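Subject: Structure handover

Hello,

I am passing this structure on to you. Please open it first, then read my notes below.

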Amino acid sequence: MKFRPLHDRVLVRRIEQQEKTAGGIIIPDTAKEKPQEGEVIAAGAGIKGEDGKITPLDVKAGDRILFGKWSGTEVRIDGEDLLIMKESDILGIVEGTATAKKKVA
């Protein structure tokens, strides 16, 4: 199934945290918090202003983002748990991630 968010909404896949701490302690599933980092899967066209012009979103598919703990609405699409949220719920874009460094090298 294809899904395209409308207006200023984005579709996000959570990025799971590591199961060990830096000290080597394994964190059980019951003690884990939901990750606040994700990857944008799809983004809407933008916000329509009063003058009728569409202002494009700052995020695009493939961006790695940080969002608030209670942001978005959880949905299940093709058996995968995803989030739909407004662009204003996004705190920022993470740049210089490990995957980006691998592409440069």
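Which backbone nitrogen does the side chain of Ser71 reach? The backbone nitrogen of Gly68, at 3.2 Å. Please keep in mind throughout that this is a predicted model.

**Confidence**

The mean pLDDT of the protein is 79. Of its residues, 72% reach 70 or more. Among the elements, E1 has the highest mean pLDDT, at 90. Helix H1 (residues 98-104) has the lowest, at 50.

**Two loop residues**

Back to Ser71. This residue sits in the loop between strand E5 (64-67) and E6. Its relative accessible area is 12%, so Ser71 is buried. Beyond residues up to four places away in sequence, Ser71 touches Leu83, Met85 and Asp89.

Asp63 is the other one to look at. It lies in the loop between strand E4 (54-55) and E5. Asp63 has a relative accessible area of 10% and is therefore buried. Its side chain reaches the backbone nitrogen of Lys60 at 3.0 Å. Asp63 also forms a salt bridge with Lys60, and the closest N and O atoms there are 3.2 Å apart. Lys60 itself counts as exposed, because its relative accessibility is 54%. Leaving aside neighbours within four places in sequence, Asp63 is in contact with Gly38, Glu39, Val40, Asp58 and Ile93.

**Strand E1 and its partners**

E1 pairs on two fronts. Five bridges join E1 to E2, and the two run antiparallel. Val12 stands opposite Val40 in E2. Four bridges join E1 to strand E7 (residues 80-86), again antiparallel. On that front, the bridge partner of Leu11 is Ile84 in E7.

**Salt bridges**

How many salt bridges does the structure hold? Six. Side chains of opposite charge can pair when their charged atoms come close. Besides the Asp63 pair with Lys60, two others deserve a look.

The Glu39 pair comes next. Glu39 forms a salt bridge with Arg13, with the closest N and O atoms 3.7 Å apart. The pair links distant parts of the chain: Glu39 is in strand E2 (residues 37-43), Arg13 in strand E1 (residues 9-14), and they are 26 residues apart. Glu39 counts as partly exposed, because its relative accessibility is 31%. Arg13 is partly exposed too, with a relative accessible area of 31%. The pair also belongs to something wider: Arg13, Glu39 and Glu80 are linked in a network of salt bridges.

The other pair is Arg14 with Glu74. Their closest N and O atoms are 3.6 Å apart. Arg14 lies in strand E1 and Glu74 in strand E6 (residues 73-77), so this pair ties together parts that are 60 residues apart in sequence. Is Arg14 buried or exposed? Buried, because its relative accessibility is 18% and the cut-off for buried is under 20%.

**Val94**

Val94 is found in strand E8 (residues 90-94). Its relative accessibility is 27%, so Val94 counts as partly exposed. Which residues does Val94 contact, leaving aside its neighbours within four places in sequence? Glu37, Arg64, Ile65 and Leu66. Glu39 comes up here as well. Val94 and Glu39 are 55 residues apart in sequence, and their C-alpha atoms are 9.7 Å apart in space.

**Backbone angles**

Two residues should be checked for phi. His7 has a positive phi of about 50 degrees, although it is not a glycine. His7 is in the segment before E1. Asp78 also has a positive phi, near 55 degrees, and is likewise a residue other than glycine. Asp78 is found in the loop between E6 and E7. Asp78 counts as exposed, because its relative accessibility is 56%.

**Where to start**

I would begin with E1 on screen. Arg13 in E1 leads to Glu39 in E2. Arg14 in E1 leads to Glu74 in E6. Then go to Asp63, which is in contact with Glu39, and finish at Ser71 and its side chain by Gly68.

Best wishes

Definitions and conventions. Residues numbered from 1 in each chain as written. Predicted model: local features only at pLDDT ≥ 70, side-chain atom pairs only at ≥ 80, totals over all residues. Heavy atoms only, no water. Buried < 20%, exposed > 50% of the residue type's maximum accessible area, 1.4 Å probe, protein only. Contact = heavy atoms within 4.5 Å. Salt bridge = Lys/Arg side-chain N within 4 Å of Asp/Glu carboxyl O. Pairing = 2+ DSSP bridges. pLDDT = per-residue confidence, 0-100. Polar contact = N/O pair within 3.5 Å; in protein donor to acceptor, adjacent residues only side chain to side chain.
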